[in-house]
Amino acid sequence: MVRAKELETMSIMNSILAIVSVLFAAVNIIGCILNSYDNDCKPTEDNNCSPATTPQTFHNLEFWSTFFFNVVVLLAFNYSPKVLSNQYENPTRLKLIVLLSVGMSFMSCMLVSINLEKFEILSHELEYANELSMTMCDLVILLSLLRGRHPQGQSPAYFSDMKDTWKAFLSLFLGGLVSCAQLGVYNLSGWTSDGDSKGEQIAHYMEFLFNVMSSIIIFWFTMDNRFCAEKRMQQLMYSA
């Protein structure tokens, strides 16, 4: 009875986390739209200037949504009905990496909220570096999801279909490439007289693309957790 209640809680929680993952993807699509405008221009100084929003609003949306999504990832691990040790050789280290990502993203959020002008560059550096650690978490999740597609009893160290392995590594290689590229674009594209990066707009597009990829993986992971929890609940009910 206690186990059934735990599984019911896991099912409900993963449903909520899946919805939040979809909302995070939507926020990043909105970010792409806002990023296409020159939001740093001032209408009082340029008659042709037509920003979609203020830089403060744009960056608050960017950083705070990423922070809440990192919290979603941490909760998704904690509310998984699967035993992480069966999917990953060191689940504690994985949780610590995600927890560190939550701390780094919160630090970036606070710096942007306190003073965007002074801490914008530092916040972006933290955020982009943080995506490198999240790439590893995405890889672990994606591999565990692809393992789940194969029949039970198969050795977890190998896939019967090596195409799944290559698809997982290729997807996350592209994600890691994007996160590394945006660090390079942001830091190596030169700087304006105001101290802003000339590659900030392109780096933002890369960031939003990476976030959409991550949100799809977490959505898949949470929905898989929900179905797994419901299946185990049914097994407990029928066995009783």
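Residues with under 20% relative accessible area are taken as buried, those over 50% as exposed, and those in between as partly exposed. The model described here is predicted. Aspartate 46 has a relative accessible area of 35%. That value lies between the two cut-offs, so aspartate 46 is partly exposed. The residue sits in the loop that runs between helix 1 (2-35) and helix 2 (55-78). Aspartate 46 also belongs to a negative surface patch. The other members of this patch are Asp38, Asp40, Glu45, Glu117 and Asp194.

The loop between helix 1 and helix 2 also holds tyrosine 37. Its relative accessibility is 42%, and tyrosine 37 therefore counts as partly exposed. Tyr37 joins Ile29 and Ile33 in a nonpolar patch on the surface. Together, these three residues have about 300 Å² of accessible area.

The overall fold is helical in its assigned elements. The protein chain contains six helices and zero strands. Along the sequence, the pattern reads α-α-α-α-α-α. The chain has 240 residues, of which 43% count as buried. About 13200 Å² of the protein chain is exposed. Carbon and sulfur atoms supply 65% of that area. Contacts were also sorted by separation in sequence. Among those between residues at least 6 apart, 76% join residues at least 24 apart.

One pair links positions from helix 1 and helix 6 (residues 200-239). Glutamine 235 is located in helix 6. In sequence, glutamine 235 and alanine 4 are 231 residues apart. In space, their C-alpha atoms are 9.8 Å apart. Alanine 4 falls within the span of helix 1 (2-35). Glutamine 235 has 46% relative accessibility, so this residue counts as partly exposed.

Two salt bridges are present in the structure. One is formed by glutamate 8 and lysine 5, with the closest N and O atoms 3.8 Å apart. Both residues lie in helix 1. They are three residues apart, about one turn of the helix. Lysine 5 counts as exposed because its relative accessibility is 52%, over the 50% cut-off. Glutamate 8 has a relative accessible area of 35% and is therefore partly exposed.

The other salt bridge joins arginine 226 to glutamate 230. Here the closest N and O atoms are 3.1 Å apart. This pair lies in helix 6. Four residues separate the two positions in sequence, about one turn of the helix. Arginine 226 counts as partly exposed because its relative accessibility is 26%. Glutamate 230 is likewise partly exposed, with a relative accessible area of 25%.

Leucine 74 offers a view of a buried position. This residue is placed in helix 2. Its relative accessible area is 17%, under the 20% cut-off, so leucine 74 is buried. Neighbours within four places in sequence are left aside in what follows. With that exclusion, leucine 74 is in contact with Lys95, Val98, Leu99 and Val102. Leucine 74 and serine 101 are 27 residues apart in sequence. Their C-alpha atoms are 9.3 Å apart in space.

Key: Residues numbered from 1 in each chain as written. Predicted model: local features only at pLDDT ≥ 70, side-chain atom pairs only at ≥ 80, totals over all residues. Heavy atoms only, no water. Patch = residues over 30% accessible without salt bridge, like charges linked within 9 Å, V, L, I, M, F, W, Y side chains within 5 Å. Areas by Shrake-Rupley, 256 points an atom, 1.4 Å probe, with all protein chains shown as cover. Salt bridge = Lys/Arg side-chain N within 4 Å of Asp/Glu carboxyl O. Lys, Arg positive; Asp, Glu negative; His and termini not counted. Charge placed at Lys NZ, Arg CZ, Asp CG, Glu CD. Buried < 20%, exposed > 50% of the residue type's maximum accessible area, 1.4 Å probe, protein only. Contact = heavy atoms within 4.5 Å.
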